[in-house]
Amino acid sequence: MKKLASIITLLTLSVAHMYGQETSKQAFEIKVITSVESIIPSGLGRSRLISSNDERDYKQFTSSRTEENNTRNKSKRKDIRLKNFEETKLLNFYNLGGIRFQNIAANDALISSKLTEMLSEGWDLMFITSAVESDAGKNDDNGIFITRYILKRKFN
């Protein structure tokens, strides 16, 4: 009986502590890093690791449509574009001899270096998402492999 009373007391204190703490919103910033790796045969493509140095407020370029108001978004592309970004050259997946595994390993090392630096700066890797647009037939000589790394960290 004494043991049960101790457990109930401990449980009550834990619940009181949990609900008694002041709850505050966590403020985070999000960063997206994108790698674009060419899968165009003969090594003719361009591959890059891109990171924006500027911020954009999506609200400035967003409109809401309703049945009563069906006007389209009039944002200008030139206002959305930015010129302040970091661009790291990556190697293409192919060259004239075919697929280059050394190029893939070199890209992995560069991307790892970037992510390691960001983790040391307090960023946490939340998600990674990839997509590919590849050869769709005889007349399609375009292709990219794109990966987005989505990171977050607490505002200072």
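This is a short talk on the core and the two largest pockets of one predicted model.

Core first. The largest nonpolar core has nine residues. Ile33, Leu49 and Leu90 belong to it. So do Ile111, Leu115 and Met118. Trp123, Tyr149 and Leu151 complete the set. Two elements, helix 3 (101-120) and strand 7 (144-154), each supply at least two of these residues. Helix 3 gives the most, with three.

Look at Leu115. Which residues does Leu115 touch, leaving aside its neighbours within four places in sequence? Tyr149 and Leu151. Both of those are core members too.

Now the pockets. The largest has a volume of about 450 Å³. Its lining counts 17 residues. Nearest the centre sit Ile30, Lys31, Ser52, Asp54 and Glu55. Strand 1 (28-38) and strand 2 (47-52) each put at least two residues into that lining. Strand 1 has the largest share, five residues. What is the make-up of the lining by class? Seven residues are nonpolar, four are polar and six are charged.

Next, the second largest pocket. Here the volume is about 190 Å³. The lining has 13 residues, and Ser51, Glu86, Lys114, Glu117 and Met118 are the closest to the centre. Strand 2, strand 3 (85-90) and helix 3 each give two or more residues. Helix 3 gives the most, five residues. By class, this lining has four nonpolar, four polar and five charged residues.

One residue to click on: Met118. Met118 is part of the largest nonpolar core, and Met118 is also among the residues closest to the centre of the second largest pocket.

Notes
Residues numbered from 1 in each chain as written. Predicted model: local features only at pLDDT ≥ 70, side-chain atom pairs only at ≥ 80, totals over all residues. Heavy atoms only, no water. Core = buried A, V, L, I, M, F, W, Y, C linked by side-chain atoms within 4.5 Å. Buried < 20%, exposed > 50% of the residue type's maximum accessible area, 1.4 Å probe, protein only. Helix = DSSP H or I, 4+ residues; strand = E, 2+ residues; numbered from the N terminus. Contact = heavy atoms within 4.5 Å. 1 Å grid on protein atoms, 1.4 Å probe; cavity = no way out; pocket = protein on both sides within 12 Å on 5 of 7 lines; lining within 4 Å. Points joined across faces, edges and corners; volume = space filled by probe spheres on them. Nonpolar A, V, L, I, M, F, W, Y, C, P; charged D, E, K, R; others polar.
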